[in-house]
Structure formats: structure tokens, C-alpha cells
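Q: I'm new to reading protein models and would like a close look at one part of this one. Could you walk me through it slowly and then show how it fits with the rest?

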Amino acid sequence: ARLRGTTRPTTMLDTSYHAIGAEGREERKSSLSLSSFLVAIAVGVCLGFGCVYMTGSNLVAAPAFTATRGAMVPQFTNQRIPDITGNAYSRQQNEAIEKFKETGLRPGRQQRVEEEQGAYKGKSIIADPVELQVKNFDGEVVGSESLSLKVARPETAKGLVHRYLMYARNSMRAGTASTKTRGEVRGGGKKPYNQKKTGNARQGSRRTPLRPGGGVIFGPKPRDFSVDMNQKERRIAMATALQSASQDFVVVENLDGKFDAPKTKGMVEFLSRVGTKPSEEKVLLVVEGQKRNALLSARNVDKLKINKPKSLRIVDVLGADKIVIEKGAFETMKSIFGQSAMGIEPAEEVEAATA
């Protein structure tokens, strides 16, 4: 045990901080700094060679170094050097370049299929003409007509018609459904009963959604369901739907003066003579102009819809089993949706749906 006041003897093996003296401390500091510097240089060289090895032989290390908070971080450039054959691009880049030279298209785009006659110009095409029979009021064939409309491409026709159908059906929705939340229901300002000592679950209001007469959780609120669609897209979608239903078309002569009086029986007999079954099939009758007696005769037939060529609805066209169209309405339809369209704009789906 050491006695108080005595000094500790210094031996040759004692290397404590106080024992080595000032000169020893200076030599120790210099040796530590030199060794740290050498270790830092060795680590930096190893990191440099490791980065060059990991990034590949195509990357050339830049000689410049930047120090971040005292650390030596090497900076590399992304410049590729040519290989043995002199090619500085990867295999994918070479394939993309060869494809661009052959097709003239950038990577990621499909090649357009164009026919020799130029039918696939633009985003729409002219459909092949379809011959349709023209019948008179008695159901006899008296002539023929050709139907060839400006329709969508085969690869986009289905999606375009579906978008138009969703556009029309969403426009028909009023969007007026509304419910009240617990903050909008009348009452509920007083706590029903005490918090404790009742044996019941704690309640803070009588208008909680968990009780009758309370609010509605996540109930509907008034909203707008309508979606946007360009007018040109709507026209092409309607033309595509009409052209696809060409096998169900029945072209008849003009019905001016054919219905002397509004009688449902006369309309049913007329539809039966031209080849439809109004009691079993859904029929769409398209007329030109105001034909009051025909309209009154058709309104009591359950599966019969009547409309004009300028206000056709995509829902009626797609849902009809037979489309009976007047000859004058047929010409108007071709002028709107055909190849030689004269700028006649069809009615808006919203207006036609609410008509």
C-alpha cells in the first residue's frame, strides 16, 4: 500500500503519460500521426483499385479528388472506352440503333402497319363498304345502299367504343345521392348518460353512427360522375359502333305519309314486314325529321327505341338487335360519320340522354 505523500518510483518499464516525459510524448505523437497518414494512404489506394475493379474496365478514373469533411473520396467519370473491335456501345444500344436504321422508329414504339393503298393514314380508317338492301313499306326489296364509315383502327376500336360507352353512361348519372354525417344530423349535443357506473358502453352523443338515427359513415355525397372525351373521338366511336352493326341494318324507304293515324298495331306490323320481331328483339328506329304519327305509334312498344341520326345514343346502338333506318336518315348518317363528312356535329350525349 502506498503511503500518502510519497512519490511513485519510476522504472524502465513504466510507459505512462507522466512517466515518459515531454520528449517522449512528442516522439509518440509524431509516430502516431505518421502511422495514421500511412494507413490513410493505404486505405485510399485500396478503395481506388476496388472501385476500378467493380465498375469494370470501360470506366476511366478521373485524377481529381474531392475532400468531404476530411475524407478522400475518388470521383469517376462515366465515359466509355472502345473495346477491342472499336465499339463503344452496349449490346442493347447496338440493337436499338439497328432497329432505328431499319424502321425509323425510336425504341419503345410499335411499328405502324400501312397498306399500299394508304387506308391506314391517321388515327382512323375508312371501313370496307357493306351492301345493304333497301325495303319499301310492305317489306319488298326495291334497291341497295352502301355503308362505309370513317372508323377507328382495329387495334384501338374496342377501347375507343368502351370509353364512349362509359362517357355516355356516366353522363346519365345525376350524382345527387347524399347522406348526413354525425356532424350534420340534428341533435346529439348532450351526453346520453354518465361515463361510468352504468354497465353500458361509453357514449358521448345520441347521433353516433352506431345508433339508430345517427349519422352515416362514408355515405354518398353529391358528385359529378362525368368524364371528358374529345368530340372527334366520340364521332369515330359512334361510327365504329354503327359500322360493326351493319349486318343488323334494315334500310327502308321514307315513312312520310305512311302512318295516317297513331296506332301501335300499325307500327308492329310494319316492323314485322321488314324482318324484325318487335316483341322479342330490341329494335332501334331511326327517322329523319318530325314524324308525329310514327313517334306516337312507336312509344307504346316496349322494346322499340326511336331517334334521329343527329342524336343517336351509343347505348341504344350497342343494345339493339336490329336497326331500322329510314333512307333519308341513312344519307344524313353517312354525311356525319362517313368519309365525306361535311362538318355536321352530332348532338352531345348528355343532351341526348336527358331528352
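Is Glu331 buried, partly exposed or exposed, and what is its relative accessible area?

A: Keep in mind that this is a predicted model. Glu331 is partly exposed, with a relative accessible area of 37%. That value puts Glu331 in the middle class because buried means under 20% and exposed means over 50%.

Now look at what Glu331 does with its side chain. Glu331 forms a salt bridge with Lys334, and the closest N and O atoms are 3.9 Å apart. Both residues sit in helix α8, which covers residues 327-337. They are three residues apart there, so about one helical turn separates them. The pair isn't on its own, either: Glu145, Lys327, Glu331 and Lys334 are linked in a network of salt bridges.

Over the whole structure, the count comes to 10 salt bridges. Another one joins Arg91 to Glu95, with 3.1 Å between the closest N and O atoms. These two are four residues apart in helix α2 (residues 91-103), so here too the separation is about one helical turn. Arg91 is exposed, at 54% relative accessible area, while Glu95 counts as partly exposed at 46%.

Then there's Lys291 with Glu326, whose closest N and O atoms are 3.4 Å apart. This salt bridge links distant parts of the chain: Lys291 is in the loop between β8 (283-286) and α6 (292-298), Glu326 is in strand β10 (residues 322-326), and their positions lie 35 residues apart in sequence. Both Lys291 and Glu326 are buried.

Let's go back to the nonpolar side chains around helix α8. The largest nonpolar core has 38 residues, and Met333 and Phe337 are among those with the most contacts inside it. So is Leu242, which touches Met333 and Phe337 as well as Leu147, Leu149, Phe249, Leu312 and Val317, leaving out residues up to four places away in sequence. A second, separate core has 17 residues, including Val252, Leu255, Leu271 and Ala298. In soluble globular proteins, nonpolar side chains tend to be buried together.

Some nonpolar side chains are on the outside, though. Leu34, Phe37, Leu38, Ile41 and Val45 make a nonpolar surface patch of about 480 Å², and Leu34 is found in helix α1 (residues 21-55).

Aromatic rings are worth a look too, and the whole structure has four aromatic pairs. One of them is Phe137 with Phe270, which are stacked at 5.0 Å centre to centre with 10° between the planes. Phe137 is in the loop between β4 (130-135) and β5 (141-147) and Phe270 is in helix α5 (residues 264-273), so this pair ties together parts that are 133 residues apart in sequence. Phe137 counts as buried at 17% relative accessibility, and Phe270 is buried at 0%. Tyr164 and Tyr167 also form a stacked pair, with 6.1 Å between centres and 25° between planes. They're three residues apart in helix α3 (residues 154-172), which makes their separation about one helical turn.

Finally, zoom out to the whole chain. Its secondary structure comes to nine helices and 10 strands, and 28% of its 355 residues count as buried. Among contacts with a separation of 6 or more, 63% are between residues 24 or more positions apart.

Key
Residues are numbered from 1 along each chain as its sequence is written. This is a predicted model: local features need pLDDT of at least 70, side-chain atom pairs count only at pLDDT 80 or more; totals for chains, interfaces and linings use all residues. Side-chain values use heavy atoms; hydrogens and water are left out. A nonpolar core is a set of buried Ala, Val, Leu, Ile, Met, Phe, Trp, Tyr and Cys residues joined through side-chain atoms within 4.5 Å. Buried means under 20% relative accessible area, exposed over 50%, partly exposed in between (1.4 Å probe, protein chains only). Contact means heavy atoms within 4.5 Å. Patches are made of residues with over 30% relative accessible area and no salt bridge: like charges are joined within 9 Å, nonpolar side chains (Val, Leu, Ile, Met, Phe, Trp, Tyr) within 5 Å. Accessible areas come from the Shrake-Rupley method with a 1.4 Å probe; for residues, only the protein chains shown count as cover. A salt bridge is a side-chain nitrogen of Lys or Arg within 4 Å of a carboxyl oxygen of Asp or Glu. Rings of Phe, Tyr and Trp (its six-membered ring) pair if their centres lie within 6.5 Å; planes under 30 degrees apart count as stacked, over 60 as edge-to-face and the rest as tilted.
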